[in-house]
Structure formats: C-alpha cells, structure tokens
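Fancy working through a protein model by hand? Grab your viewer and try each exercise before peeking at the solution.

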Amino acid sequence: MLAAFSYARLRRQNSTMGEDLEKLKQRLPLLDYLRQQNWCGRPAGQGTEFVGLCPLHSESRPSFYVNARKNLFYCHGCGQGGDLIRFVELSRHLSFPQSLAYLQPQRVRGDAADAREQAVVFYQQQFPCHPEALRYLERRGVHDPALIEELRIGYAPGGNLRRHLTNQGYSLESLQRDGLVNPQGGDTFYRRIVLPCGQGREVVNLYGRSIGAAFPHRFLPGPKGGLFAWDSVRHFSTVILVEGLLDLAVLGQAGFRNTTCAFGTHLTPLQFQQLSEPPVRGVYIVFDQDENQAGQRTAHQLARRLAGVSVPARLVELSAGHDPNSYFVAGAAAADFAACLEGAQPL
Ligand SMILES: [Zn+2]
C-alpha cells in the first residue's frame, strides 16, 4: 500500500518536473543557448541540422552537430550528446539540479538602457556567425578586428533578438516600448550592422545600417545621443567630424583616432554643444560631397555656427566627390588624407 502510494507520488513529481523541463527547453532552444555562448554553427545539409566546433573538447575540424528540431546535440569527436540540460551539465560542470537552477529565468528586467546594452552584446556575439556582415564591412574597407571590437560593431540578422531578451527576463511590452521589438512583435533591426550610440557609459540608442535593400540608416525611437565616442575624442586639440559610421571606421583604421561622427549632417543641440565646449579645439568637417551641394552647404553652415562660438572650423574637400569611406576604399592612404586636412582652409 505504502509502496504503491510512494510510487504514485514519485511519478506525479516526475511528470511535473517533466512538464517544467519541456517548458524550459521550449523557452530556451538549445541552438539559441549555444549561440548566446558564441557557438558558430553552419547548416549541415538539408533541414534543421547545424555543425560547428565542439565546445566540450578541443578540435580543429567541426564534429559537433545540433539538431534544432529535436533540440539535441551530438559530438562525433568526444561522443557526448543530449539536450540543453545535458549540455549545461557538461560545459559548466554542474549537477542536474544545478543546471536547472542555472537556466532559470533571471529577474524581470525593465530598464531600457540595460536592454539596449544587452542587445548590443547580443549583436556583437552574432557578428562572427554571419559571414555576410563581415563581407559587407570588408567591401566598405573595414577589416581591423580590434577596431570592430572597439566600436562594438555587431550584426542583427533579424528574428532572434526578441527571444533572446525575453529569455533574459525582459517583457515583450518593455521591448516594444523601447523600440527593440516592433509593434508586430518582430525584431526592429533586420540584416543591419549595428552599433551603440552612447552617452557616457549608457547606451542611449542603437544605429542600424542596412546591408540589404532597406533604407540605409535607422535608429531606435528616441534621441540619438551625443557625438560618437566623444569621451575618447574630446581631449584632442583637433577633431575630425564625419557623417557616418563607415567614414569613422576607415579613418580609425588609418590612425586618425581623433575622429567622431554625428550620424548625419544635422547636429543635435547636444552634439553642437560638445563640439564647442571648452577647451577650444579645431574642428575639421569632412561631410559627403553631394552633387547637389547639399553636404557642402550644411558643412559650411556648421562651420559658420562654430565660428560664431569661437571654435575654429575648416572644411575638408576630398577629390572627385569622395566621402572619407569611398576615398579610402578607392585606395587612398593615410598620407593622402593628411594632405587633405593640411590643405583645408579656415573659414
Ligand atoms: Zn566534442
């Protein structure tokens, strides 16, 4: 009698645990978890299988397979296999209950800056897993891994941020309110190179540059913040102001560390205030040379406004309608650009 009762209770406990386990595994698919841990897997043949280097043993040729539909992994190198919990047990050296506790959702989070920071980290993790992102940057002359890391450049493939952040405990409502997720419930950024717009230590917005056919520039709703990486540029006696991220990146690679970017030609009041804050620094303005002269006109207006607050500004002209990015992609060297700076006339 007693034995039968205990058995029934055990079975009930097991089935409750089984349901929780299934919920946990649905909430956090194995493949998502592995990608959060920086695992890069490429599709293996047809269907839902992926292969990559085994995170559980050291190897140079990929033998770690993940079946995304079955939510299981198997490594032909070390012979380990199983589900998400098994993977956590093996990779973190935890017991079964410890692994479950480890995977429990974190507290409900709501802070928008915190969510943006998590999104930046996630997009940075995605970047090496998507060759199209690297190819795009290479085409645009950006190839220095240290710079990519320093600028915190990431990639939004689209379709996986929402689940990642809700798994981390952010509510869908808060993600929609802050714009990381659109009103339809999808990721706002899709096939975009992404980088953070910061103000001090806080990520105040995300800039997304399309690598496809979509409108090239996009921000999340809300202010775009100050000049890019102003804190690391403000101490220079001269600064170079460019329009875009790719301009900034090629100049950074060429050694012009005093470059900042306004994400466009129209400066926000905060950005203007930063350029004109003491101590006085010279400003080289290198905006795109537009055929209709729009860029040149805006640059000229900005130079006059800066002169009005006693900030010496110079307009830099690159040859043949180039912007800094296309100038370097076309083969210019640091010395060529330095000569352009040299030749820039004060207003
Ligand atoms: Zn292995």
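What follows is a short set of exercises, each with a worked solution.

Some ground rules come before we dig in. This is a predicted model, where local features need pLDDT of at least 70, side-chain atom pairs count only at pLDDT 80 or more, and totals for chains, interfaces and linings use all residues. Residues are numbered from 1 along each chain as its sequence is written.

**Exercise 1. Describe the overall layout of the chain.**

Step 1: start with secondary structure. The chain has 15 helices and 14 strands; these are DSSP runs numbered from the N terminus, with helices being H or I of at least four residues and strands being E of at least two.

Step 2: get the extents. Along the principal axes, the C-alpha atoms fill a box of roughly 95 × 40 × 35 Å.

Step 3: split it up. The division gives domain 1 (21-103), domain 2 (112-219) and domain 3 (230-346), with bounds that come from an automatic or database domain assignment. Taken over C-alpha atoms, the centres of domain 1 and domain 3 are 47 Å apart.

Step 4: check burial. Of the 347 residues, 33% count as buried. Here, buried is 20 or more other C-beta atoms within 10 Å of the residue's own, exposed is 12 or fewer, and partly exposed is in between, with C-beta atoms placed from the backbone.

**Exercise 2. Find the largest nonpolar core and say which domains feed it.**

Step 1: fix the term. A nonpolar core is a set of buried Ala, Val, Leu, Ile, Met, Phe, Trp, Tyr and Cys residues joined through C-beta atoms within 7 Å.

Step 2: locate the core. The largest one has 66 residues, and Val194, Leu241 and Ile285 have the most contacts inside it. Helix H11 (residues 245-253) supplies the largest share, six residues. Domain 2 (112-219) and domain 3 (230-346) each put in at least three residues.

Step 3: look for what's left over. Another core, of 14 residues, lies apart from it and includes Leu31, Tyr33, Leu34 and Cys75.

Step 4: zoom in on Leu241. Leaving out residues up to four places away in sequence, Leu241 touches Thr260, Ala262, Val283, Tyr284, Ile285 and Val286; contact means C-beta atoms, placed from the backbone, within 7 Å.

**Exercise 3. Is H11 largely enclosed or largely open, and what covers its buried residues?**

Step 1: count. Seven of the nine residues of H11 are buried, so the helix is largely enclosed by the rest of the structure. Leu245, Asp247 and Val250 are among the buried ones.

Step 2: list the cover. It includes helix H7 (145-150), E7, E8, strand E10 (238-242), strand E11 (259-261) and helix H14 (324-329).

Step 3: step off the end. H11 is followed by Gly255, which has a positive phi near 100 degrees.

**Exercise 4. Trace the two open sheets described below, strand by strand.**

Step 1: take the four-stranded one. Its order is E6-E7-E8-E9, with antiparallel pairing; strands pair if DSSP finds at least two bridges between them. Strand E6 (154-156) and strand E9 (217-219) are the edges with a single partner each, so one side of each has no neighbour in the sheet.

Step 2: follow the register. Three bridges join E6 to E7, and Ala156 stands opposite Arg192 in E7. Arg192, in turn, stands opposite Ser210 in E8. Strand E7 (residues 192-199) and strand E8 (residues 202-210) share eight bridges.

Step 3: add a helix. Helix H5 (residues 112-126) lies across E6, E7 and E8, at about 40 degrees to E8. Axes are lines fitted to C-alpha atoms, for helices over the stretch in contact, and angles run from 0 to 180 degrees between N-to-C directions.

Step 4: move to the five-stranded one. The order is E11-E10-E12-E13-E14, with mixed pairing. E10 and strand E12 (residues 282-286) run parallel over five bridges, with Val242 partnering Val286 in E12.

**Exercise 5. Which backbone oddities turn up in the loops?**

Step 1: recall the baseline. Most residues other than glycine have a negative phi, and most peptide bonds are trans.

Step 2: check omega. The bond from Pro278 to Pro279 is cis, with omega near -5 degrees, and Pro279 sits in the loop between helix H12 (269-276) and E12.

Step 3: check phi. Phe263 has a positive phi of about 50 degrees, and Ser310 has one near 65 degrees.

Step 4: compare burial. Phe263 has 24 C-beta neighbours inside 10 Å, so it counts as buried; Ser310 has 9, so Ser310 counts as exposed.

Definitions and conventions. Two residues are in contact if their C-beta atoms, placed from the backbone, lie within 7 Å.
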